[in-house]
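Student: I should like to learn how the features of a model such as this one are read. May we go through them in turn?

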Amino acid sequence: MSNTLNTQDLPPEGGFPSVRYQRNLPKRGPSGSVLLLGVTLISAYGLYRLGQTNLERRNIPTSKLFYRDRELDREKYWSRIHLIPLLQAEMDRDLYRRTLATQAREQEVMSDVPGWKVGEKVYHTKRYVKPTVVVIDE
(Lines give C-alpha, C1' and ligand atoms only; values in the text may rest on other atoms or scores of the structure.)
Protein backbone atom coordinates (compact mmCIF):
# COMPACT_ATOMS: atom_id res chain seq x y z
CA MET A 1 0.00 0.00 0.00
CA SER A 2 1.01 3.52 -0.32
CA ASN A 3 2.65 5.48 2.40
CA THR A 4 0.31 8.45 2.12
CA LEU A 5 -1.49 9.36 5.25
CA ASN A 6 -5.24 9.17 4.96
CA THR A 7 -6.87 11.93 6.93
CA GLN A 8 -10.46 11.91 7.88
CA ASP A 9 -12.61 15.03 7.70
CA LEU A 10 -13.45 15.88 11.29
CA PRO A 11 -15.75 18.45 12.88
CA PRO A 12 -14.23 21.70 13.96
CA GLU A 13 -13.03 21.96 17.47
CA GLY A 14 -15.90 22.84 19.79
CA GLY A 15 -18.42 21.22 17.41
CA PHE A 16 -20.82 22.48 14.80
CA PRO A 17 -23.39 25.14 15.79
CA SER A 18 -26.79 23.69 16.67
CA VAL A 19 -29.44 23.52 13.91
CA ARG A 20 -32.68 25.34 14.74
CA TYR A 21 -35.51 23.04 13.79
CA GLN A 22 -38.20 24.17 16.25
CA ARG A 23 -41.21 25.96 14.71
CA ASN A 24 -41.70 29.31 16.35
CA LEU A 25 -45.17 30.21 15.13
CA PRO A 26 -47.14 32.88 16.92
CA LYS A 27 -50.28 31.76 18.73
CA ARG A 28 -53.26 32.69 16.53
CA GLY A 29 -56.94 32.74 17.40
CA PRO A 30 -58.87 31.30 20.32
CA SER A 31 -58.20 27.87 21.68
CA GLY A 32 -60.33 24.85 20.92
CA SER A 33 -62.12 24.96 24.25
CA VAL A 34 -63.15 28.59 23.70
CA LEU A 35 -64.51 27.70 20.24
CA LEU A 36 -66.43 24.74 21.67
CA LEU A 37 -67.90 26.95 24.39
CA GLY A 38 -68.97 29.53 21.79
CA VAL A 39 -70.66 26.93 19.57
CA THR A 40 -72.42 25.45 22.60
CA LEU A 41 -73.74 28.84 23.72
CA ILE A 42 -74.98 29.74 20.23
CA SER A 43 -76.69 26.35 19.86
CA ALA A 44 -78.32 26.65 23.29
CA TYR A 45 -79.67 30.10 22.44
CA GLY A 46 -81.00 28.82 19.11
CA LEU A 47 -82.78 25.92 20.80
CA TYR A 48 -84.25 28.33 23.38
CA ARG A 49 -85.63 30.54 20.59
CA LEU A 50 -86.98 27.47 18.79
CA GLY A 51 -88.81 26.40 21.94
CA GLN A 52 -90.28 29.89 22.39
CA THR A 53 -91.48 29.88 18.78
CA ASN A 54 -93.07 26.46 19.22
CA LEU A 55 -94.89 27.67 22.31
CA GLU A 56 -96.05 30.72 20.39
CA ARG A 57 -97.34 28.61 17.52
CA ARG A 58 -99.19 26.26 19.87
CA ASN A 59 -100.79 29.28 21.56
CA ILE A 60 -99.68 28.19 24.99
CA PRO A 61 -100.02 31.35 27.04
CA THR A 62 -96.98 32.22 29.06
CA SER A 63 -96.41 35.46 30.89
CA LYS A 64 -94.26 36.94 28.14
CA LEU A 65 -95.92 35.35 25.13
CA PHE A 66 -99.61 36.01 25.73
CA TYR A 67 -99.68 39.33 23.89
CA ARG A 68 -97.46 37.99 21.12
CA ASP A 69 -99.80 35.01 20.65
CA ARG A 70 -102.78 37.25 20.05
CA GLU A 71 -100.72 39.41 17.75
CA LEU A 72 -99.56 36.37 15.76
CA ASP A 73 -103.13 35.11 15.40
CA ARG A 74 -104.30 38.54 14.27
CA GLU A 75 -101.50 38.71 11.72
CA LYS A 76 -102.33 35.22 10.43
CA TYR A 77 -106.04 36.07 10.00
CA TRP A 78 -105.37 39.36 8.24
CA SER A 79 -102.81 37.77 5.91
CA ARG A 80 -105.41 35.17 4.92
CA ILE A 81 -108.04 37.87 4.42
CA HIS A 82 -105.71 39.83 2.14
CA LEU A 83 -104.63 36.76 0.17
CA ILE A 84 -108.16 35.53 -0.67
CA PRO A 85 -108.78 38.01 -3.55
CA LEU A 86 -105.41 37.21 -5.07
CA LEU A 87 -106.04 33.47 -4.97
CA GLN A 88 -109.59 33.91 -6.28
CA ALA A 89 -108.32 35.98 -9.24
CA GLU A 90 -105.74 33.30 -9.99
CA MET A 91 -108.42 30.59 -9.95
CA ASP A 92 -110.65 32.71 -12.21
CA ARG A 93 -107.83 33.17 -14.74
CA ASP A 94 -107.16 29.43 -14.72
CA LEU A 95 -110.86 28.64 -15.16
CA TYR A 96 -111.12 31.10 -18.06
CA ARG A 97 -108.06 29.57 -19.76
CA ARG A 98 -109.46 26.07 -19.32
CA THR A 99 -112.89 27.16 -20.60
CA LEU A 100 -111.33 28.56 -23.79
CA ALA A 101 -109.33 25.35 -24.27
CA THR A 102 -112.48 23.26 -23.71
CA GLN A 103 -114.44 25.32 -26.23
CA ALA A 104 -111.66 24.97 -28.82
CA ARG A 105 -111.62 21.23 -28.28
CA GLU A 106 -115.43 21.10 -28.45
CA GLN A 107 -115.35 23.01 -31.77
CA GLU A 108 -112.84 20.52 -33.14
CA VAL A 109 -114.72 17.41 -31.97
CA MET A 110 -118.25 18.60 -32.89
CA SER A 111 -117.34 20.22 -36.21
CA ASP A 112 -119.24 17.60 -38.24
CA VAL A 113 -122.48 17.81 -36.16
CA PRO A 114 -124.97 20.13 -37.89
CA GLY A 115 -126.55 22.83 -35.71
CA TRP A 116 -124.12 22.46 -32.84
CA LYS A 117 -123.30 25.72 -31.07
CA VAL A 118 -119.95 25.81 -29.32
CA GLY A 119 -120.08 27.09 -25.77
CA GLU A 120 -123.87 26.99 -25.45
CA LYS A 121 -125.09 26.43 -21.94
CA VAL A 122 -126.14 22.91 -21.10
CA TYR A 123 -128.25 24.07 -18.19
CA HIS A 124 -131.24 26.21 -19.17
CA THR A 125 -130.98 28.79 -16.42
CA LYS A 126 -129.89 32.38 -16.10
CA ARG A 127 -127.74 31.64 -13.07
CA TYR A 128 -124.06 30.90 -13.42
CA VAL A 129 -123.28 27.23 -12.97
CA LYS A 130 -119.67 26.50 -12.24
CA PRO A 131 -118.26 23.74 -14.46
CA THR A 132 -117.97 20.50 -12.56
CA VAL A 133 -115.88 18.56 -15.05
CA VAL A 134 -112.55 20.01 -16.08
CA VAL A 135 -110.92 18.47 -19.14
CA ILE A 136 -107.17 18.30 -18.71
CA ASP A 137 -105.23 18.36 -21.94
CA GLU A 138 -102.98 15.36 -22.42
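**Reading the annotated segment and the salt bridges**

Tutor: The UniProt annotation "transmembrane region", from an unreviewed entry, covers residues 30-48; such annotations may be inferred rather than shown by experiment, and positions follow the numbering used here, with feature names shortened. This is a predicted model, in which local features need pLDDT of at least 70, side-chain atom pairs count only at pLDDT 80 or more, and totals for chains, interfaces and linings use all residues. Residues are numbered from 1 along each chain as its sequence is written, and side-chain values use heavy atoms, leaving out hydrogens and water.

Student: How much of residues 30-48 is helix, and how much is strand?

Tutor: Helices (H or I, at least four residues) and strands (E, at least two) are DSSP runs, numbered from the N terminus. Residues 30-48 are 89% helix and 0% strand, with end C-alpha atoms 26 Å apart. The chain has 2 helices and 0 strands.

Student: Which residues does Asp-94 pair with in salt bridges?

Tutor: Side chains of opposite charge can pair when their charged atoms come close. A salt bridge places a side-chain nitrogen of Lys or Arg within 4 Å of a carboxyl oxygen of Asp or Glu. Here Asp-94 pairs with Arg-97, the closest N and O atoms being 2.7 Å apart, and with Arg-98, at 3.2 Å. Asp-94, Arg-97 and Arg-98 are thus linked in a network.

Student: Where do Asp-94 and Arg-97 lie relative to each other?

Tutor: Asp-94 and Arg-97 are 3 residues apart in helix α2, about one helical turn.
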